[in-house]
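Dear colleague,

I am passing on the structure below, and my notes on it follow. Please read them with the model open beside you.

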Amino acid sequence: MFLENKANRDKHSGWIEVITGGMFSGKTEELIRRLKRARIAGQKVEVFKPHIDIRYHESDVVSHNETSIGAVTIHSSERLLLLSSNVDVVGIDEAQFFDKELPRVCQQLANQGVRVIAAGLDMDYKGMPFGSIPQLMSIAEYVTKVHAICIRCGDLASFSHRLTANNNLIVLGEKSTYEPLCRKCFNSVKNENNLK
Ligand code: ZN
């Protein structure tokens, strides 16, 4: 479990945390846990999500197990800078869906003293790195990879296999659309489907 780093912390130094992994791995749940703890600590917290994700609730960040926190929906990462003045902690959900400016924006916020916590998918349904998450992981001080459970064999799952034949990169996640798989099961499904 991630514990907040207190070493030599002062009010003017920010940093970046990334919570990443496949579908159903508990990324959003972990994001909400950290944000709620920051609020308990009396810090000013703002939560953002990209315009695209309307899976459960228009203006909340909601995890698959339905814990939630109020969030502002924005169309571009640049808006984060405008909406984060006097904020101690910025939470970002579904970070993989933001535009490619997100790492620069997170960097700027952290340089201004903000604790930035970004959660998002590390890989798309083909198992390829997703959006700006690789860049974010590089510049982050703390990276947490969380895992789901492979529904075929019970091993730890890192891959999100799409059950429907849709080539769109963005198909929002429900249990009927994706299944979490381990590397071995993902590869054997891929072979079965003749995908590359
Ligand atoms: Zn498996």
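**Helix 3 and its surroundings**

The buried residues of helix 3 are covered by elements that include strand 1, helix 2 (78-83), strand 6, strand 7 and helix 4; contact here means heavy atoms within 4.5 Å, and helices (H or I, at least four residues) and strands (E, at least two) are DSSP runs numbered from the N terminus. Please keep in mind that this is a predicted model, in which local features need pLDDT of at least 70 and side-chain atom pairs count only at pLDDT 80 or more, while totals for chains, interfaces and linings use all residues. Residues are numbered from 1 along each chain as its sequence is written, and side-chain values use heavy atoms, with hydrogens and water left out.

Within helix 3, Leu-102, Pro-103, Val-105, Cys-106, Leu-109 and Ala-110 are buried, where buried means under 20% relative accessible area, exposed over 50% and partly exposed in between (1.4 Å probe, protein chains only). Seen down the helix axis, the buried residues of helix 3 fall within an arc of 160°, so they line one face of the helix; the arc is that of the directions from the helix axis to the C-beta atoms. Gly-113, which follows helix 3, has a positive phi, near 105°.

**Nonpolar cores**

The largest nonpolar core (a set of buried Ala, Val, Leu, Ile, Met, Phe, Trp, Tyr and Cys residues joined through side-chain atoms within 4.5 Å) has 21 residues, and those with the most contacts inside it are Leu-80, Val-90, Ile-92, Leu-102 and Leu-136. At least two residues of this core come from each of strand 1 (15-21), strand 6 (89-92), helix 3 (102-111), strand 7 (115-121) and helix 4 (133-139), and helix 3 supplies the largest share, 5 residues. Apart from this core lies another, of 17 residues, among them Leu-121, Tyr-125, Phe-130 and Phe-186.

**Zinc site**

The zinc ion is coordinated at 2.3 to 2.4 Å by the SG atoms of Cys-150, Cys-153, Cys-182 and Cys-185; donors are N, O and S atoms within 2.8 Å of the metal (3.2 Å for Na, K and Ca), and water is not among the atoms, so sites may look incomplete. The angles among the 4 donor atoms are 102 to 119°, and the site is tetrahedral, a label given to four donors if all angles lie between 85 and 135 degrees. Along the chain, the donors follow the spacing C-x2-C-x28-C-x2-C, and both Cys-182 and Cys-185 are buried.

With best wishes

Note on methods. Four donors count as tetrahedral if all angles lie between 85 and 135 degrees; four count as square planar and six as octahedral if opposite donors are over 155 degrees apart and all others between 65 and 115; anything else is irregular.
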